[in-house]
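Me: Could you take a close look at the cysteines in this model for me? I would like to know how they sit and what setting the rest of the chain gives them.

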Amino acid sequence: TAYEMFCETAGTEHAKRQQAAEVDRVARDAARLIKEEEYKAAEAVRAASYQRDRDRAEEARRAQEREPKYIAKMKSQQLRKRYGLDQFIEAQAFARVMDILHRLDSGGRLDDTDVLWLTTEGKGYYTEILQAAFHEREAEFYAAEYSRTSDPWNVVNASGHYRKCGQARKAHDLLTSIPAQQEMTSKLKSAIRTTHGGVMRDLDCMDEALALGDQAHALTPRDFRPCTLLGAVNIELGNLAIGWEWYRKAEERGATERSIDYDLRGIFLRANDARRLQIRSFLLREDPARYAWVYDFGPEGLRPRRM
């Protein structure tokens, strides 16, 4: 019948379409696989090229690192960084700065002309790290001199430098190693006690610092140094009038106004907010012109208005 013929023809056509679709799918899969292989091959070429470039760059870097000039440059940069000198160094100062760094780094000392230059013309290069290194070398030198000569003046010098590089405990140990029975002049005894008092102040042992300052002053009543110690300790303890009187005595005995103001500024900056306000008010009552710098620090709004 016509229906049976239609069904037979439809079945044949359906089979042909399925076969054609399968052929097309196989062809597409084959094309996809070819593209994937081509992509992989291209990626392999790119990866190989990239690795060759990296290998060449690495070899060039290693070759550069073997060059004496490069090695010297890197060592110079590391040395400068070690002493906090990452900033630009002017050409005319470079050789001198590097000579100073090399000497300190190798355990050597600086001479007086170097120290003078660092504290004047070259002060921009006298970093805190470099200052600490200088004072540590000096302290070590005088401590060694004391071991060699048994001269207590070397202990005084060493202790002063140990304090300036934040090693007050070493100074204390050195000062207490001086034999109690050793014969000394009043001046030397006073210097030892004044220095030891400063060390105890650094170690926050204020009662001991005051006692040593009193002993030093009794030994050398005309020396300003015990007076400045007693002034500083009393100011730090909040005994402002007493501390001020000791500073006044120090100035009468030869201490400079600049050195006293430097002390007071340091005490002021280290103080907590409450003590800072106390010191500020006291200094401004004593001499508002001389101590106008206190307005630059602390809570806002305390600077007097300009008319």
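**A close look at the cysteines**

Reply: Happy to. Cys205 counts as partly exposed, because its relative accessibility is 22%, and buried would need a value under 20%. Keep in mind that this is a predicted model. Cys227 is a clearer case: with a relative accessible area of 0%, this residue is buried.

Next, the bonding. Searching the whole structure turns up 0 disulfides. For Cys205, the nearest cysteine sulfur belongs to Cys165 and lies 18 Å away. A disulfide requires two cysteine sulfur atoms within 2.5 Å, so Cys205 is in no disulfide.

Now the setting. The protein has 13 helices and 0 strands, so its pattern along the sequence is α repeated from start to end. The radius of gyration is 40 Å, well over the 19 Å that the globule rule gives for 307 residues, so the protein is more spread out than a compact globule. Along the principal axes, the C-alpha atoms fill a box of roughly 140 × 55 × 45 Å.

Burial and surface complete the picture. Of the 307 residues, 34% count as buried, and Cys227 is one of the buried residues. The protein exposes about 19,800 Å², with carbon and sulfur atoms supplying 53% of that area. Among contacts between residues at least 6 apart in sequence, 50% join residues at least 24 apart. As for charge, there are 50 positive and 50 negative charges, and their mean positions are 3 Å apart.

Notes. Residues are numbered from 1 along each chain as its sequence is written. This is a predicted model: local features need pLDDT of at least 70, side-chain atom pairs count only at pLDDT 80 or more; totals for chains, interfaces and linings use all residues. Side-chain values use heavy atoms; hydrogens and water are left out. Helices (H or I, at least four residues) and strands (E, at least two) are DSSP runs, numbered from the N terminus. The radius of gyration is taken over C-alpha atoms; the globule rule is 2.2 Å times the number of residues to the power 0.38. Buried means under 20% relative accessible area, exposed over 50%, partly exposed in between (1.4 Å probe, protein chains only). Contact means heavy atoms within 4.5 Å. Accessible areas come from the Shrake-Rupley method with a 1.4 Å probe; for residues, only the protein chains shown count as cover. Lys and Arg count as positive and Asp and Glu as negative; His and the chain ends are not counted. The place of a charge is taken as NZ of Lys, CZ of Arg, CG of Asp or CD of Glu.
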